[in-house]
Amino acid sequence: MTKKYYIKTFGCQMNVYDSSRIADMLKKEGYTETNRQTEADIVLFNTCHIREKAAEKLFSDLGRAKLIADERAEQGHKTIIGVVGCVVQAEDEQIIARAPYVDFAVGPQMYFRIPEILRQISAQKEHQSVVDTDFPAISKFDFLPENKAQGACSYLAVQEGCNNFCTYCVVPYTRGAEYSRPVADVVAEAKRLIATGTIEINLLGQNVNSYHGEDENGHERNLAYLLHKIAELDGLKRLRYTTSYPADMTDDLIVCHKDIDILMPYLHLPVQSGSDKILKAMNRRHNSGDYLRIVEKLAAANPNLRMSSDFIVGFPGETDADFQQTLNVVNQVKYIQAFSFKYSRRPGTPAAVMENQVEEKVKKERLDILQTLLFDYQTKFNQACVGKVMPVLFEQKGRHKGQLIGRTPYMQNLHIETNGANINKILNVLVTDATTNSLSGKEI
Ligand code: SAH
Ligand code: SF4
Ligand code: F3S
C-alpha cells in the first residue's frame, strides 16, 4: 500500500506555496496525499508565527495529532509527525520541549532535507526528534524538485525574506534576509506551470516588489522587468503579484499596470496605519502622503485598478486621533478588500517591549469600527458589480451539485450554476447578486 501524507497549512501564501513544494517532494518519494489525518503515515503542520493566536493553534493541533497517532499505533501503523514553517524558525528546540512526540521540526529554508530526514527517522530504533533551522548558503529553491501546476491558478515564489524590520513583525527573523531567484529560474518555472495547465500566475514574495534577481548576463533586474518577461509567455491569461511594500512601488512598476494587459487591475498594498507618527514607530518607510501619492499614480496608470490592504490597530502609542487617520486613509482609497488585525506582541520584536501598549478593550473597539468601514466599502464595490459582465476564472467546484466557484479580476469569489464542464476556464459572467464576501452570476 502506498504511504500517505497529510499537510495542514497556516499563514500566508508563501506557506501555501511551500506546502505544495513539500507535497511535490513527498510525491517524488512515492507518497500520495490524503485529507484525512487518520489515514496519514506522515502528518505535517506548516505553521505561521505572525500573531500569537496563529502560533498557539499549532499546539492544540499537535495534541490532536498525537491522539490519532496513538490510535494508529494500536493498529500497528506508525505515524510521523512533522512541523515546518515559521513557528519552527522562531521556537526551534522549544517545540520539541513542549511536544516531545514531534518527529521532526524543520525551518522554511531547509525543506529540501525532508526526504533525508524521513529516512533517518525510519531507521531509528527509538524515537529521537530531528530539528533543523539552519539558513543554508545556497538557495532552497535550487534543491526543490520541479513542480507542476496544481490547477488553473498557481503561485510562483520569486522572492523570499525581508530586510525591512517593521518593529511589530517576525518575518525578517523567521524567513531571513531578502533573496531573489534568478530571472531564468522564474521564467522556467512559469513555463512549466503553463505547460501543465496554469493560466493565472501570482508572483509571490514577502516583499515581492523589492525583487532584484539576476538575468543571464548577471545584471540585476527588478519586478517590472520580470512581469514583462512573464507576460510574454504564450498561454498565460492572467498575472498578479503579491505582497508589495509601498516604498518599493517604483514608477516603472506602476506603469506595468497600464502596459501589461494581462496584469489584473487589483493590487494588495498594505498601508498598516494612516498615522505618520505610528508609521514611523512601525519603521515603515512611507508616510500616509507617500502612500496616497502612489495610489494616485496607480489610478492614473490604470483607472480600473482597485486596492486592498492590511491594517494593524492598537499599535503601541496609537491614540484615537492616530486611529482616525487610518479611517481617513480608508475613506480616501476605498479599498475593495482588506485584512485588519489587532496588534499582537511578538517576542523578540522591538514593538513588544515598547511601553505605551494599547489596552485590549481599545484594540477591539477600534478593530470593530475599522472593519465596519472596510466591509461597507467592500459591499458597495461588490454591489456596484451587479449588472456588469466580468471575466471569471473558475477554479473549483462549489458545495452544491453543478456549482462552480471562480475569481473575478478583482479577486472576488463568484459562483454560478453550470454543467460542471467549465472548470479551469475563463468565462464571461453577468453578475446578478452580491454580498459582502461574494458574487453570483450567470454565464452569458
Ligand atoms: N510583507 C507584508 C506583510 C506580511 S505579514 C507587508 O509588509 O505588508 C501580513 C500582515 O500581518 C501584515 O501586513 C500586518 O498587517 C500583519 N501583522 C504582522 N505582524 C503583526 C503583529 N505583530 N500584530 C498584528 N498584525 C501583524
Ligand atoms: Fe513584516 Fe514589514 Fe517585512 Fe512586511 S515589510 S514582512 S510587515 S517586516
Ligand atoms: Fe506567517 Fe511566516 Fe507567512 S509568520 S505570514 S507563515 S512568512
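The legends below describe close-up views of a predicted model.

**View 1. Residues surrounding ligand 2.** The shell around ligand 2 consists of Cys162, Asn164, Phe165, Cys166, Tyr168, Cys169, Val171, Pro172, Asn207, Tyr245 and Arg284. Sorted by class, this shell has 8 nonpolar, 2 polar and 1 charged residues. Cysteines in the shell include Cys162, Cys166 and Cys169. Arg284 is also part of the ligand 2 shell, and Arg counts as charged.

**View 2. Residues surrounding ligand 3.** Around ligand 3 lie Cys12, Asn15, Thr47, Cys48, His49, Ile50, Cys86, Arg175 and Gln206. The class count for this shell is 4 nonpolar, 4 polar and 1 charged residues. Among the residues around ligand 3 are the consecutively numbered Thr47, Cys48, His49 and Ile50.

**View 3. Strand S13 and its pairing with S10.** Strand S13 covers residues 238-242, and 5 of its 5 residues are buried, so the strand is largely enclosed by the rest of the structure. Burial here means under 20% relative accessible area. Both faces of S13 are covered. Arg238, Arg240 and Thr242 are buried on one side, and Leu239 and Tyr241 are buried on the other. Strand S10 (residues 200-204) is joined to S13 by 5 bridges, and the two strands run parallel. Within this pairing, Ile201 has Leu239 of S13 as its bridge partner. Leu239 thus appears twice in this view: as a buried residue of S13 and as the bridge partner of Ile201.

**View 4. The open sheet S14-S15-S16.** Three strands form an open sheet in the order S14-S15-S16, with parallel pairing. Strand S14 (266-268) and strand S16 (337-342) are the edge strands, each pairing on one side only. From one strand to the next, the twist averages 10°. Strand S15 (residues 306-313) pairs with S16 in the parallel sense over 6 bridges. In the pairing with S16, Asp310 has Phe339 as its bridge partner.

**View 5. Packing of helices H7 and H8.** Two packed helices are described by the angle between their axes and the distance between the axes. For helix H7 (residues 183-195) and helix H8 (residues 223-231), the angle is about 35° and the axes are 10 Å apart. The crossing of H7 and H8 is right-handed. H7 contributes Val183, Val186, Val187 and Ala190 to the contact, while H8 contributes Tyr225, Leu226, Lys229 and Ile230. By class, the contact of H7 with H8 has 7 nonpolar, no polar and 1 charged residues.

Definitions and conventions:
Residues numbered from 1 in each chain as written. Chains lettered and ligands numbered in written order. Predicted model: local features only at pLDDT ≥ 70, side-chain atom pairs only at ≥ 80, totals over all residues. Heavy atoms only, no water. Near = heavy atom within 4 Å. Buried < 20%, exposed > 50% of the residue type's maximum accessible area, 1.4 Å probe, protein only. Helix = DSSP H or I, 4+ residues; strand = E, 2+ residues; numbered from the N terminus. Pairing = 2+ DSSP bridges. Axes fitted to C-alpha atoms, helices over the stretch in contact; angles between N-to-C directions. Left-handed = near helix turned anticlockwise from the far one by under 90°. Contact = heavy atoms within 4.5 Å.
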